[in-house]
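New to this one? Take a look at the sequence and the model below, then use the notes underneath to find your way around.

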Amino acid sequence: MKLYWCERTRAVRAVWMMEELGVPYERVRIDIRDEKSRANPAFRAASPMGKVPALEDGTVRIWDSGAICAYLADQYPAAKLAPAIGSPERGAYLMWLMYTNSVIEPAMGEKFGGLKPNTVSYGWGSWDQMLATLRTAVERGPWILGETFSAADIAIGSALNFAVRLFKMAPSRPSFERYIDRCAARPAFQRATEIAAG
Ligand SMILES: N[C@@H](CCC(=O)N[C@@H](CS)C(=O)NCC(=O)O)C(=O)O
């Protein structure tokens, strides 16, 4: 299995996922600031937009941190990073797994880009709605699904870590800090953070 990645990018999410799984994988560095590196044909076969992270696994070629986490969690059920298909937790798991790329990240774009909020038209609602929803969700704890850590925590935890601690875009709330602390205490998070620092 090959993971195309670059330091200090969203690829940290896929690296964290791999480290949680503990399966062998090869990291292939793509320099996203270098067009020659981004043009690597094997990488582009997995990532048509030239974005990291991307994954090569047998004949499977996919990109996007959310898709990669979802795929790997299902491929390696023994790691118990996803509720089984048919279990009552599966729906909430998918909802929160997708929340990062469908709501948190576009809302960060709204905030960064100074876009006027339009909660009716924008699929992510607004930056404020996103934060309020997330605060309620992580307050319950310890994890986004309750007692069980899942790949959804990798997606949400890394996004919150970016927004609150790295970019300091989101306000530091005790519930956010406690949740990020729980994520940061995981050895796989620590290994991924070290790798992603470059
Ligand atoms: N939705 C994607 C976003 C990936 C993404 O935008 N990656 C950035 C780095 S953080 C990238 O590869 N940028 C290079 C480019 O677009 O040229 C994911 O979550 O994996």
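Here is a quick tour, topic by topic.

Keep in mind that this is a predicted model. The stops are a pair of crossing helices, the buried face of another helix, the largest pocket, and a handful of loop residues.

**Helix 5 and helix 6**

- Start with helix 5, which covers residues 90–113, and helix 6, which covers residues 127–140.
- Their axes come within 9 Å and cross at roughly 140°, and the crossing is left-handed.
- On the helix 5 side, the residues that meet helix 6 are Trp 96, Tyr 99, Val 103, Ile 104, Ala 107, Met 108, Glu 110 and Lys 111.
- On the helix 6 side, their partners are Trp 127, Gln 129, Met 130, Thr 133, Leu 134 and Ala 137.
- Sort the residues of this contact by type and you get ten nonpolar, two polar and two charged.

**The buried side of helix 8**

- Helix 8 runs over residues 174–184, and its buried residues are Ser 175, Phe 176, Glu 177, Tyr 179, Ile 180 and Cys 183.
- What do these buried residues pack against? The list is helix 1 (11–21), helix 6, helix 7 (151–166) and helix 9 (187–196).
- That makes helix 6 a name worth remembering: it meets helix 5, and the buried residues of helix 8 pack against it too.

**The largest pocket**

- The largest pocket holds about 430 Å³ of space.
- Its lining is made up of 20 residues, and those nearest the centre are Thr 9, Arg 10, Lys 51, Val 52 and Glu 105.
- Which elements give two or more residues to this lining? They are helix 5 and helix 7.
- Helix 5 gives the most, with four residues.
- By type, the lining residues divide into nine nonpolar, four polar and seven charged.

**The loop between helix 3 and strand 3**

- Helix 3 spans 41–46 and strand 3 spans 54–57, with Ser 47 in the loop between them.
- Is Ser 47 buried or exposed? Ser 47 counts as buried because its relative accessible area is 0%.
- Leaving aside residues up to four places away in sequence, Ser 47 touches Ala 54 and Trp 63.
- Pro 53 is in this loop as well, and the peptide bond that leads to Pro 53 from Val 52 is cis, with omega near 0°.
- You have already met Val 52: it is among the residues nearest the centre of the largest pocket.

**Another cis bond**

- Look for Pro 142 in the loop between helix 6 and helix 7.
- The peptide bond from Gly 141 to Pro 142 is cis, with omega near -5°.

**Two residues with positive phi**

- Arg 8 sits in the loop between strand 1 (2–5) and helix 1.
- Phi of Arg 8 is near 55°, which is a positive value in a residue other than glycine.
- With a relative accessible area of 59%, Arg 8 is exposed.
- Lys 168 belongs to the loop between helix 7 and helix 8.
- For Lys 168, phi is near 50°, again a positive value in a residue that isn't glycine.
- Why does Lys 168 count as exposed? Because its relative accessibility is 64%, and the cut-off for exposed is over 50%.

Notes
Residues numbered from 1 in each chain as written. Predicted model: local features only at pLDDT ≥ 70, side-chain atom pairs only at ≥ 80, totals over all residues. Heavy atoms only, no water. Axes fitted to C-alpha atoms, helices over the stretch in contact; angles between N-to-C directions. Left-handed = near helix turned anticlockwise from the far one by under 90°. Contact = heavy atoms within 4.5 Å. Nonpolar A, V, L, I, M, F, W, Y, C, P; charged D, E, K, R; others polar. Buried < 20%, exposed > 50% of the residue type's maximum accessible area, 1.4 Å probe, protein only. 1 Å grid on protein atoms, 1.4 Å probe; cavity = no way out; pocket = protein on both sides within 12 Å on 5 of 7 lines; lining within 4 Å. Points joined across faces, edges and corners; volume = space filled by probe spheres on them.
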